[in-house]
Protein chains: 2
Amino acid sequence: MGATKTEHFTEKQNTIATLIKALAHPARIAIVEYLMKTEACICGDIVDELPLSQPTVSQHLKELKTAGLIKGNVEGNTICYCIDEKAIAKLQSYFAGISAKLEKKKDNKCC
Amino acid sequence: MGATKTEHFTEKQNTIATLIKALAHPARIAIVEYLMKTEACICGDIVDELPLSQPTVSQHLKELKTAGLIKGNVEGNTICYCIDEKAIAKLQSYFAGISAKLEKKKDNKCC
DNA sequence: CACCTTCATCGTAATATTGCAATATACTTA
DNA sequence: TAAGTATATTGCAATATTACGATGAAGGTG
């Protein structure tokens, strides 16, 4: 085994899990946070900011891009990365939805 | 390798990554959603609801509990599970924070 | 053109995750 | 106490992830 049994879950559950999984690593959290720290988008220097080798960072960036969390614009020799708001918005509204539902059933809890 | 280089990232980044990681699997998403679907907490029948074996579900529950996302109350022979609002609140505010910052720099974007 | 820079890909080693059968533990009830 | 029920743990196989050195591709510069 070792492979997730994707086929047994709903498409929504798999979609949100994939999106969440893309952020389930401190390096990718760090990348997203770094992309936000600056005023505009970042062109190139992500590798210098992270304590990981260039191939590793490239791999993490690829995962973020595949998940739709970041976008990359090629600009000559470098690439300009920035966060895709839509993906973040999805995550935010997902957790906001859970929070709202939790608030509703506050009185019906046993633990 | 294969092990995450936790020591190179900030404690905050590792903390939020761990929390996110706990939800980075459709089965655990399904568990959390099932816990919310009902009026009160669930005592026992999580295994029947999931397309996975009892040991596998037990393992996923353990991970969610370790991460602090759910609480389990032992009640005689069964266990009553429910979501820990604090953890969800943390996640929600994390993504809300990112969203807010993204809103601010909307005009400074190149892609 | 030769060389440098930037980023991606390949190949591979180390480790982690997923899933389940078998078994253990703990409580309940007959 | 014996049998049944609910959940946890163990042990293992299959697969995925993480990380990096080496190398490749593509654009820029002397």
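The following exchange introduces helix packing and the DNA surface in a predicted model.

Q: What kind of model is this, and which pLDDT is needed for local features?
A: This is a predicted model in which local features need pLDDT of at least 70 and side-chain atom pairs count only at pLDDT 80 or more, while totals for chains, interfaces and linings use all residues. Residues are numbered from 1 along each chain as its sequence is written, with chains lettered from A and ligands numbered from 1 in the order in which they are written.

Q: At what angle do H5(A) and H5(B) pack?
A: These helices, each covering residues 85-104, pack at about 145 degrees with their axes 9 Å apart. Helices are DSSP runs (H or I, at least four residues), as strands are (E, at least two), numbered from the N terminus. Axes are lines fitted to C-alpha atoms, for helices over the stretch in contact, and angles run from 0 to 180 degrees between N-to-C directions.

Q: Which classes of residue make up that contact?
A: The contact of H5(A) with H5(B) has 14 nonpolar, four polar and two charged residues. Ala, Val, Leu, Ile, Met, Phe, Trp, Tyr, Cys and Pro count as nonpolar, Asp, Glu, Lys and Arg as charged, and the others, Gly among them, as polar.

Q: Moving to the DNA, how many residues surround strand D?
A: DNA strand D is surrounded by 29 residues, the closest being A:Gly2, A:Pro55, A:Gly76, B:Gly44 and B:Pro55. A residue is near a strand if its C-beta atom, placed from the backbone, lies within 6 Å of it.

Q: Which element gives the largest share there?
A: H4(B) does, with six residues. By class, the surface near DNA strand D has eleven nonpolar, 16 polar and two charged residues.

Q: And how far apart are the axes of H1(A) and H2(B)?
A: Their axes are 8 Å apart, and the helices pack at an angle of about 115 degrees.
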